[in-house]
Amino acid sequence: MPLTVTPLYAGALALLLVFLSFRVIFYRWSSKISLGDDDDKALRKRIRTQANCAEYAPFGILLLLLAELQGAPIWALHLLGLTLLAGRLLHAVGFGSTPQILPLRQAGMVLTFTMLLLSGLGLIGHALF
């Protein structure tokens, strides 16, 4: 069974993570901070924006993969994948902005949690019934 949906969203989320990582790397380079955050609030915010994506995206991708392997409908997989991707994008923009754009950050978390909850419940339901 070839996978078609999960690789699309995994690839897009990987690009987002690379972009956020480069924001940290370039800021470190320009500020000459090679280790830690040197109590630099802007660097700390970039680090946390990147880390937050790295904390949530992999688990969302894993759930999407399991749903695809279990034979979830393609429309449901795309809905879950788009929800995760949009959530991570909105959160990164909202949290990473100075000042924060709180409605984007909140919407990003709501979308991310919605994807995780729906995927988790769907996987449990499929396993039990």
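**Exercise 1. The outside and the overall build**

Task: Find how much area the protein exposes and what share of it carbon and sulfur atoms supply, then describe its helices and strands.

Solution: Let us start at the surface.
- The protein exposes about 7600 Å², and 74% of that comes from carbon and sulfur atoms. Keep in mind that this is a predicted model.
- Next, count the elements: there are four helices and zero strands, so the pattern along the sequence reads α-α-α-α.
- For the dimensions, the C-alpha trace spans about 55 × 30 × 20 Å along its principal axes.
- As for charge, the protein carries 10 positive and 6 negative side chains, and the centres of these two sets are 5 Å apart.

**Exercise 2. Into the core**

Task: Work out how many residues the largest nonpolar core has and which elements give two or more residues to it.

Solution: Now we move inside.
- Of the 129 residues, 36% count as buried.
- The largest nonpolar core has 18 residues, and Leu 13, Leu 64 and Met 115 have the most contacts inside it.
- Two or more residues of this core come from each of α1 (6-31), α2 (41-69), α3 (74-96) and α4 (102-128).
- Take Leu 64 as an example: leaving out residues up to four places away in sequence, Leu 64 touches Thr 6, Tyr 9, Leu 77, Leu 80, Gly 81 and Met 115.
- A general tendency is worth recalling here: in soluble globular proteins, nonpolar side chains tend to be buried together.
- Among contacts in the protein with a separation of 6 or more, 66% are between residues 24 or more positions apart.

**Exercise 3. Two threonines**

Task: Decide whether Thr 6 is buried or exposed, do likewise for Thr 49, and find the polar partner of each side chain.

Solution: We take them one at a time.
- Thr 6 sits in helix α1. Its relative accessible area is 6%; buried means under 20%, so Thr 6 is buried.
- The side chains of Thr 6 and Glu 68 are joined by a polar contact of 2.6 Å. Beyond four places in sequence, Thr 6 touches Ile 61, Leu 64, Leu 65 and Glu 68.
- Thr 49 belongs to helix α2. Thr 49 counts as buried because its relative accessibility is 1%.
- A polar atom of the Thr 49 side chain lies 2.7 Å from the backbone oxygen of Lys 45.
- Setting aside neighbours within four places in sequence, Thr 49 is in contact with Leu 20, Ala 92, Phe 95 and Gly 96.

Methods:
Residues numbered from 1 in each chain as written. Predicted model: local features only at pLDDT ≥ 70, side-chain atom pairs only at ≥ 80, totals over all residues. Heavy atoms only, no water. Core = buried A, V, L, I, M, F, W, Y, C linked by side-chain atoms within 4.5 Å. Buried < 20%, exposed > 50% of the residue type's maximum accessible area, 1.4 Å probe, protein only. Contact = heavy atoms within 4.5 Å. Polar contact = N/O pair within 3.5 Å; in protein donor to acceptor, adjacent residues only side chain to side chain. Areas by Shrake-Rupley, 256 points an atom, 1.4 Å probe, with all protein chains shown as cover. Lys, Arg positive; Asp, Glu negative; His and termini not counted. Charge placed at Lys NZ, Arg CZ, Asp CG, Glu CD.
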